[in-house]
Amino acid sequence: MIKSLKDLLDKLSRFTNSLVYDGGICKRLLKLNFIKVDSFSNALYKVNEDKFGAIISTSATKDREKYALFSKPYISFPISIATKLNTENILDLNELNGKKIAVGKNFTAYKLLERNYPNIQLIPVKNTIEALYLLSKDKVDAAADINPVLVYYITQNNYNEIKITANSKFNVDLQIMVNKENREIIPILNKLIEDINPKTKQNITNKWIYTKQVTKIDYSTIILIIFISIIIISFLIYRQFLLEKYQNKLEDSEFRWKFAIEGSGDGLWDWNLETNNVFYSKQWKKLFGFREDEITSDLKEWHNRINPNQLEYVLKKMEEHIHGITKEYECEYQILCKNNTFKWILDRGVIVKRDSSNNPTRIIGTHKDITKRKELLEEIQLVKNQFENMFKTHDSVMLLISPDTGAILDANLSATNFYGYSYTEFTTMNISQINVSSKDEIQNSINSAKSFKNNKFVFPHKLKNGQIKNVEVYSSPIETQKGIILFSIIKDVTNEKELEKEIVKQINFTSTLIDNANAIIAVIDATGTMFKINKYGQEYVGYSQEEIASAPYFWDKFLPENKRNNVIEIIKKAQKGEIVKSFKNSWLSKTGEEKIFEWSNTLIKKPDGTMDYLATIGIDITQKEKTQELILAQKMEFESIFKFSSDGIAITDLETNFLEFNEAYLNITGFTRDELLQKSSLELTVPELRKHMKSLIKKAITYGHIKNFQKESIVANNRRIALNMSITLLPNQEKLLIIIKDVTTIKILEEQARLASMGEMIGNIAHQWRQPLSIISTVASGIKLSVEIDKKDDEELVKSSNKIIEQTLYLSKTIDDFRNFIKEDKEFKLIFINDIIMESLKLLDSSIKNNYIKIEKEIFDNIEVNGNKNELQQAIINILNNAIDFLKEKIEDQNNRYIFIKTKKIDTNSLELTILDSAGGINKKIIDRIFEPYFTTKHQSIGTGLGLSMVDKILREKHHFEIAAYNEEFTYNSKKYKGACFKVLFKKQDS
């Protein structure tokens, strides 16, 4: 330990020359080269340019750390203020507000005064000599620098009219500054500094600090400081010489080591699984220090030398290969050598022979000594410790990922806790083993993050226990010596938990990490000055770092006015040592853009418990907030529909047991709430339809939805009602949503409409029967007359009888057609569309002819569909009847009454039917409503409003076909017409 001047001289005598730069204080002593410079800025420039340059009395700043390294502080001095003798002593530097103070440009004192006393007018000068000169000439009101420098120059230049008036509250820690290329000598300097006796340090400090006029200087103390610096710098240079010498030796040794490894080769082993014998090559035995005769062919020679802690892992790897789980066997572990030390080896092997049952019988492999590689990895790990400490212990889940391979390079403790994998498992995994998205999607996301196109993603991630978690990933590229890696912060959003982050101030906090983070990262000091904000934050708000740090609370302009006081109150609490860990608020950019951020705060306290600074991270959650608002709005909308809908809505389990229902459901069924909770939808189905109802429920569970089917239900008081029902499987796959509508009244009206349709059909039949009956009557009268006048002609009689039979068969066929149409037949079966069209036209034949309507058919294409024949026939008859009625009503000229019927095959599974009339079209005001129930296009005295509604119900709801209606203008036989066009799209469906 250095205790006296004699100790300094003894140590000094061992060292050689070195260059020391200082701002004019030092002179040439002994063999050291002291270079006098005209300003501190030039001194900094020389250190930056000269590999062996150093400054022995300065302090570290972020700008200087870009090109220089710094020792530990070896002494600390206050920043003092010098004034004229006639100036009273200053108790608070705020008394100098508005005054001119000269201080060296780039001095630490200048930066501290500028930041903490913005109202003092600072005059930048080259050095302290110029500052004191300006003070002596009354050009400025005061001069500032560290106490010993002011004292030295006041005495040196005989400024008897100047005194030290005040010491500020700021101390400057003096350090030795060296060029960044001399990184390895900083630990040496620190060790020498630690050897300085604390009492000696205190004596130096006490002798140099003054608050009164200086009349005498203790030159021994100055010499002592210079000697300390000389020792440090001299030892630095000498140590550098030794380091370079040993470095050359190390490089020679490393070359010889590499050559030896390449020449030695790997150890070979050959394992016969049938005999369990192993052949170990000569090199294998040599690898672990054995002679050839010291190792037998027993498997235990290998097995017993495996590190016991790794044995299970190694055997598992071998078993995986033997059982075909892995194509090759590969494992890294330790083997005990002859000298009782362990060597790391890379063990590789492959099955080379199998028996007739395909069981492996022989495996050949190699052992490669990777001990050096392991040791090198350990050394590299030591270098990373500082970053690792921050990375590993942070509360947020973090991963480092290779963008080229997707390999997980590192994971922190929070990641192992969240995913359930150990750190060792993580380092052998690929991100695709966690991210269950497709490989293309993962690679595209990695490319986007690497190129800054997108840094925020949402993925499904798989935990070790198999559970899937939805996570937000904020991924940013970081430049390293080995290339770009992705730094990823993962947030679990499965249960919409808020992400909490804490940032601890690090002396060597990586600026690249901060600037490239896809979040605002800022640090605020106790005065409210945001002295650090990352690139993302600057770009968003539109202000530079210098502008934001120019004044306390400059950043409050980023806050909406109604949020400003709340945030400032959080800072005031932090100043008292109280922390608000997280909150949400909006930030405004310079252009007025507003985003919502979720903030996580970390408070760093001084020893007295008050705020030193506050570190905060703000993550953009604007889209998340909008999504949550949308979800809430949709939830409220659903609740409103559920509550006020006139349709019955119920939620059941998969067995249709009622869990919840609305008031309309109770009103339709007539049950009380307690009664309905004891029942199921299946139980309310009439017994003869329960089997069919079960199949529909199964179909809804399988396909997710089944809609608009009718069923008959038993409700309160054993009433039977007709219901229109839809069933939907809810997203949780555990519940069903059932919607019902009471269509009992509609069914009655449909039946009435059907009876009315039957009436029309009977009228049609009456028309069809008139001509055949007239023919029969005429023929019979002719036969009778022939008999009466006894003029019988057998040939004529046979002809007349055949005519009567022909007409009778026609009447019988008409009755059969009518009976088939009115028959109650609910069966679905395969049927051709063209057959339906032709039979419908046959039933309407008399009505068409009696109203002088011409049918133009292009019925060539056909398709077979699964449907109910009578219902499809009724739908087409209703469309044709609608056209017939309009043609009778609107077209007086019977020559212009047309109905065009055309079929066109769209593809092998679909057919388009077009029915077009010439009746002038449907009123534009009502054409969109023609398929609504009870809406009639005819006069209310003749229209029920159910005809086209039944068409829509039969085709779209029951058969899942498509129907559309519109007006069309067309030309036929060189004449222009306009009419209503109905298009029906038939599609093949499963039975």
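**Exercise 1. A salt bridge across the chain**

Arg373 is partly exposed at a relative accessible area of 37%; state which residue Arg373 meets in a salt bridge and where the two partners lie.

*Solution.* The model is predicted: local features need pLDDT of at least 70, side-chain atom pairs count only at pLDDT 80 or more, and totals for chains, interfaces and linings use all residues. Residues are numbered from 1 along each chain as its sequence is written, and side-chain values use heavy atoms, with hydrogens and water left out.

Step 1. Fix the exposure classes: buried is under 20% relative accessible area, exposed is over 50%, and partly exposed is in between (1.4 Å probe, protein chains only).
Step 2. Apply the salt-bridge rule, a side-chain nitrogen of Lys or Arg within 4 Å of a carboxyl oxygen of Asp or Glu. The partner of Arg373 is Glu332, at 2.3 Å from N to O.
Step 3. Locate both residues, taking helices (H or I, at least four residues) and strands (E, at least two) as DSSP runs numbered from the N terminus. Arg373 belongs to helix H12 (residues 371-383) and Glu332 to strand E12 (residues 329-336), so that distant parts of the chain, 41 residues apart, are linked.
Step 4. Classify the partner: Glu332 is partly exposed, because its relative accessibility is 24%.

**Exercise 2. Two further salt bridges and a network**

Describe the pairs Lys450 with Asp404 and Arg956 with Asp952, then give the count of salt bridges.

*Solution.* Step 1. Between the side chains of Lys450 and Asp404 the N to O distance is 3.5 Å. This pair also spans distant parts of the chain: Lys450 is in helix H16 (residues 439-450), while Asp404, 46 residues apart from it, is in the loop between strand E15 (397-401) and strand E16 (408-411).
Step 2. Lys450 is partly exposed at 31%, whereas Asp404 is exposed at 59%.
Step 3. For Arg956 and Asp952, the closest N and O atoms are 2.8 Å apart. The two are separated by about one helical turn because they sit four residues apart in helix H31. Arg956 is partly exposed at 39%, but Asp952 is buried at 10%.
Step 4. Shared partners in salt bridges join Arg291, Asp293, Glu294 and Lys338 into one network.
Step 5. The count by this rule is 32 salt bridges.

**Exercise 3. Aromatic pairs and charges over rings**

Classify the ring pairs Trp587 with Trp599 and Phe658 with Tyr665, and find which charged residues lie over Phe531 and Tyr543.

*Solution.* Step 1. Rings of Phe, Tyr and Trp (its six-membered ring) pair if their centres lie within 6.5 Å; planes under 30 degrees apart are stacked, over 60 edge-to-face, and the rest tilted. This rule gives 27 aromatic pairs.
Step 2. Trp587 and Trp599 have ring centres 5.1 Å apart and planes at 45°, so this pair is tilted. It links strand E22 (residues 582-588), which holds Trp587, with strand E23 (residues 594-605), which holds Trp599, twelve residues apart. Both tryptophans are buried.
Step 3. Phe658 and Tyr665 have centres 5.4 Å apart and planes at 65°, so this pair is edge-to-face. Phe658 is buried at 3%, and Tyr665 is buried at 2%.
Step 4. One aromatic cluster includes Trp587 and Trp599 along with Tyr540, Tyr543, Phe554, Phe558 and Phe597.
Step 5. A charge sits over a ring if NZ of Lys or CZ of Arg is within 6 Å of the ring centre and within 35 degrees of the ring normal. The charged end of Lys590 is over Tyr543, 4.5 Å from the ring centre. Arg115 is over the face of Phe531, at 5.7 Å from the ring centre.

**Exercise 4. Helix H11**

Check the span of helix H11 (residues 308-322), then describe its buried residues and its ends.

*Solution.* Step 1. The expected span is 1.5 Å times one less than the number of residues. For the 15 residues of H11 this gives 21 Å, which agrees with the 21 Å between its end C-alpha atoms.
Step 2. Its buried residues are Gln310, Val314, Met318, Glu320, His321 and Ile322. Among the elements that cover them, by contact (heavy atoms within 4.5 Å), are strand E10 (267-272), helix H10 (300-303) and strand E13 (342-354).
Step 3. At the N-terminal end, Asn307 acts as a cap, with a side-chain oxygen 3.0 Å from the backbone nitrogen of Asn309.
Step 4. After H11 comes Gly324, with a positive phi near 80°.

Methods:
Polar contact = N/O pair within 3.5 Å; in protein donor to acceptor, adjacent residues only side chain to side chain.
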